[in-house]
Amino acid sequence: METNFNQPQRQSLVGILVIFLEMVFQVIKATWPIIVITLFKSESKFLVYIFFSVGIPMVFLGIYSFLKYRNFTFYIDDENDEFVISDGVINKTKTSIQLHKIQQVNIKQNLIQRLIGVYALDVDTAGSDKKEGNIKAVSHEMAIALKSRLLENEGKKAFFYESEQTEEKVENYAIPFLKINLVSLLKIGITSNYVKSVGLILTFFFTIYENLHQAGAEDVINTDRLEGFVDNNSLWYSGLVFVLIMFSIVFLINIGRTLIKFFDYTVAQQKGSLMLTYGLINTQSTILKPEKVQIVKVSRNYLQKKLNVLEIKIRQAISNEKKDNKTLIEIPGCNAFERDEILKLLFKELPEKGAMMQPNFRKLVFSIFLIIVLPLTGYLWFGNYIESQVFDYANVAVFYSVFVLIVLFFAFRNYRLFVNHNHIIKQSGAWDIDNDIIQIEKIQAITTSQLFWHKSLNIGSLTMHTAGGNITFQLGKFDQINKYVNLWLYEIETSNSNWM
């Protein structure tokens, strides 16, 4: 039976349990260091007291969960073409979302929702830094039906098929045309995100140590063995052991994260949109409108090239930079053929690299001065005038200089801007080579800049502003930049594109 979304609807009754468990999880997540220390250091009688004292907040959370469920309703206002959500316990809110501004619909299922047997649905537009519509507990049938109603207006203007096509042909587009297999995910997990993973590991351990220190429980972590190992071995040996351990941890984390997050990744066409489905523990089904896509980034490093895999990251319209990372859509483990097929679907044609612009060599010189010369100057000044013992680590300074110089050279060599009749492609990166692709008609504004001492050298910088972020190309030929800017502005003014 078809659900009537024209009347206010509530979530599934088990949504009360979902809301309650999610709030309990958030409380535990915020206070887990205190809970662990209390369990280890408290006496049994005190633990009984804590157990009973927890009951009062649990009752409060239960009542709050019921009221939140009771006051949450949603429906579609056909007269005004709006999706309306009412929410709130004390402060009541009513959110109205215009259907034509909905750029993404996600059907999700985290571990709690999977155990209970319900799904969550997020509705996202470009006008806010959070999800405007977040329904936590509906059946799979209702989620699919609501998703279709929210996006059915796109079926009238989808560019994947003509209006005369039959229903049978439309249904064929719902069949997945791309499925990322397990081997491809393993290749991506092995060859990507090492810097990010190292940062997450260090942040995790420093956070634990800081929480234990503030709670007065430093003795939980015994650092004597670590200090003894460093004292009994050379700096290079200790550093090598640390790097090997860190590399092993990062290696396992990357593989686990990739498999868990992107397991069973499929891409299908559905009524003019792309449906992306993936996830092992937290499953997610995302509806992506190609005409809303702002920037597509294709990334590949040397190892991924040899293994014939790459990553695609898609940015839609965002309201601020903080939201960018949260709404970024990733398609990992594609091969070259699959990449071309996805790009054809997103841009209606395969973007090709056209005329090339390259930066002036002064970009490399300035980078060397800023990242190598200045730090080395500070190092030498500190050693000569404050603490001469830092010169014992001169070999580290030499290694840093050589390594960074190599990275800067390859980054400069790969830094290019390619222009064709419909697309602009910026290439950058030293190890991971990124190609940012935008359509000229989706540029919202263009900024050019030139320092006064660059005028005689005919070099300057270009920034292209889109609803999905900015793309900047620095220190190119300024007369060539201005020539392209005039052409792009004319094309933007005469374009009849209505991607919003």
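**Exercise 1.** In this predicted model, find where Asp264 is placed in the chain, and then work out whether Asp264 counts as buried, partly exposed or exposed.

*Solution.* Begin with the secondary structure on either side: Asp264 sits in the loop that runs between helix H9 (235-262) and strand E8 (265-270). Next, consider the backbone, where the phi of Asp264 is near 55°, which is a positive value in a residue other than glycine. Finally, take the relative accessibility, which is 38% for Asp264; since buried means under 20% and exposed means over 50%, Asp264 counts as partly exposed.

**Exercise 2.** Determine which two strands flank the loop that holds Asn458, and state what is notable about the phi of this residue.

*Solution.* The loop in question lies between strand E18 (445-449) and strand E19 (459-466), and Asn458 is located within that loop. Turning to the backbone, Asn458 has a phi of about 60°, a positive value although the residue is not a glycine. As a last step, the relative accessibility of Asn458 is 28%, and therefore Asn458 counts as partly exposed.

**Exercise 3.** Describe the protein as a whole: how many helices and strands does the protein have, and what percentage of its residues count as buried?

*Solution.* Counting the secondary structure gives 15 helices and 20 strands. Of the 500 residues of the protein, 40% count as buried. The accessible surface of the protein comes to about 28,800 Å², and 61% of this surface belongs to carbon and sulfur atoms. To complete the picture with contacts, consider those between residues at least 6 apart in sequence: among these, 60% join residues at least 24 apart.

Terms used:
Residues numbered from 1 in each chain as written. Predicted model: local features only at pLDDT ≥ 70, side-chain atom pairs only at ≥ 80, totals over all residues. Heavy atoms only, no water. Helix = DSSP H or I, 4+ residues; strand = E, 2+ residues; numbered from the N terminus. Buried < 20%, exposed > 50% of the residue type's maximum accessible area, 1.4 Å probe, protein only. Contact = heavy atoms within 4.5 Å. Areas by Shrake-Rupley, 256 points an atom, 1.4 Å probe, with all protein chains shown as cover.
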